[in-house]
Amino acid sequence: MNDEPPALPPRHSFEYVPMDEPPTIWSVISALLKQPGQVVYELLEGRAAAVLGALALVAIASLALYGVVIGSLAGGAQFWIAPAKIVGGSALAALICLPSLFVFLCLNGADARLRHVVGLLAASICLMAILLMSLAPIAWIFSQSTDSVALMATLHILLWIVALGFGLRLLSKSAVIAWSGASSRLGVWTCIYVLVCLQMMTAVRPIIGRAETFLPSEKQFFLTHWMHVIGASASNYR
Amino acid sequence: MFDASKRLLRLLAGNAAAQRAWLDERDWRWAGVCGAVIFFGGGIYGATLGLWRDGLQAVFTAIKFPLLVFLTCGANAAFNGCLGQLLGSGMGFRQTTLAILMSFAVTAIVLASVAPIMLFLLWNTPPLAEGNALGGHSITLLAHVGMIAFAGVIGVHRLFRLVVQTSGSAPAARRVLLGWLVGNLLLGTQLAWVLRPFIGSPALAVEFFRTDPLRGSFFEAVWRALHHFF
């Protein structure tokens, strides 16, 4: 006779159920990575304030840590300037894009409330920040091996794209869970958000390199700035 | 009970059954809400349009932008009503006008929601005082034309399910919406030209209307901006 109980069915990572533990920083990080559906549940129907606070703290700390790694290429004052710009720039970009996210979700059929949208956006930015922090050792190794701002900028953008992909995937899936009538088509908003983030990092430059002033004196669009960075790097190798 | 915010959420979600019921109402409150949304939403976005040139231009454009929408809606009401009935929309003149007003309300909400993004663009655009003022003007013009066109298409698209219901067929609904879109675009763009300046040319003074409003056309201006940008 077989005494072993039957195996439990595998738990779906987007199961919309309450969190198993009280919302602390560690439990929120764990749930965000393993059971994001639980975080979405808490944000919409549970202990929203506590979870939102934990998400904000984790996002700020993770982005600041990644900023320190970015600043390590130039060293000196960039050790605090880069984290400040990364955290401030990310928060401002999220704030700028929040109204359009709310409206786009409503256009997709979601019966959305602004505080719910704030929560879901915070969760996706927090996931992105955690992933960036986990990629920080890779970025740090490269920053210690090169002086090239162009190379480091390319690497940071690639790492950011990877993290952003996961963050936006969470946002899209969360929208489907939260508002079953809503489709997950957020393509246009995603394009806008990516453009705003890229431009934000150009507007608060330099983050990787060094400059005389805290903020740039000349206004540039990110493509123009990118061409300048690549052009300057190419001329150094001639 | 009349709940304006719930109605606006249903409008954004494209809830065709609710929209159809609103069309049959003999109550002007809903039309008033749509008008107010156009006035405030369009006004907020209009202010971001004029801000690059001057603070006074922002105030002028905040007034003129909703005015442009109301003029387009009013002046095209007869044409849209006729076209809708010819193409089988299943709506009368009053219903067509209300449907188009609702579509413009959606457009105004979308535009108001992207106003912070356009302010951010403004922050990054070379200011009027710098040497590249013409470049700044071209960027501002192209970005706003693109954004307004996008929001306009969303506004019309929100009516799709409603017109499918009233007309009874998707191909007929597509024809009706395409007809309304082209008609409103054609009149709206030229009215925008007549009511200019919205952004304000770097070389010209800040004014509510130009002294020669009927000279030239919108499409020529966009062509010149594209030519300058590329």
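Student: Which residues touch the most other members in the largest nonpolar core?

Tutor: Keep in mind that we're looking at a predicted model. The largest nonpolar core holds 122 residues. Those touching the most other members are L55(A), A123(A), C126(A), V196(A) and A105(B).

Student: And which helix gives the largest share of this core?

Tutor: Look at chain A, at the stretch covering residues 114–145. That helix puts 15 residues into the core, the largest share, and its name is α5 of chain A.

Student: Back to L55(A): which residues does L55(A) touch, not counting those up to four places away in sequence?

Tutor: L55(A) is one of the core residues that touch the most other members. Two others of that group, A123(A) and C126(A), are among its contacts here. With sequence neighbours up to four places away left out, the full list is V28(A), A122(A), A123(A) and C126(A).

Student: How do α1(A) and α3(A) pack, roughly parallel or roughly perpendicular?

Tutor: Helix α1 of chain A runs over residues 25–34 and helix α3 of chain A over residues 48–71, with their axes 9 Å apart. They pack at an angle of about 85°. Angles of 65 to 115 degrees fall in one class, so α1(A) and α3(A) are roughly perpendicular.

Student: What classes of residue make that contact of α1(A) with α3(A)?

Tutor: From α1(A) you get I25(A), V28(A) and I29(A). From α3(A) come V51(A), A54(A), L55(A), L57(A) and V58(A). There are no polar and no charged residues in this contact, and the tally is 8 nonpolar.

Student: Let's move to the two chains. Which element gives the most to the side of chain B that touches chain A?

Tutor: The contact takes 16 residues from chain B and 16 residues from chain A. On chain B, the elements giving two or more residues are α1 (4–13), α6 (93–113) and α7 (115–124). The one that gives the most, with 5 residues, is α7(B).

Student: How many residues on that side of chain B are nonpolar?

Tutor: Sort that side of chain B by class and you find no charged residues. Polar residues number 4, and the nonpolar count is 12.

Student: Zooming out, how many helices does chain A have?

Tutor: Chain A has 0 strands. Reading along the sequence gives α-α-α-α-α-α-α-α, and the number of helices is 8.

Student: Last one: what percentage of chain A is buried?

Tutor: The C-alpha trace of chain A spans about 75 × 50 × 30 Å along its principal axes. Chain A has 238 residues, and the buried part of them comes to 43%.

Conventions. Residues are numbered from 1 along each chain as its sequence is written. Chains are lettered from A and ligands numbered from 1 in the order in which they are written. This is a predicted model: local features need pLDDT of at least 70, side-chain atom pairs count only at pLDDT 80 or more; totals for chains, interfaces and linings use all residues. Axes are lines fitted to C-alpha atoms, for helices over the stretch in contact, and angles run from 0 to 180 degrees between N-to-C directions. Helices (H or I, at least four residues) and strands (E, at least two) are DSSP runs, numbered from the N terminus. Angles under 35 degrees count as roughly parallel, over 145 as roughly antiparallel, 65 to 115 as roughly perpendicular and the rest as oblique. Two residues are in contact if their C-beta atoms, placed from the backbone, lie within 7 Å. Ala, Val, Leu, Ile, Met, Phe, Trp, Tyr, Cys and Pro count as nonpolar, Asp, Glu, Lys and Arg as charged, and the others, Gly among them, as polar. A nonpolar core is a set of buried Ala, Val, Leu, Ile, Met, Phe, Trp, Tyr and Cys residues joined through C-beta atoms within 7 Å. A residue is buried if 20 or more other C-beta atoms lie within 10 Å of its own, exposed if 12 or fewer, and partly exposed in between; C-beta atoms are placed from the backbone.
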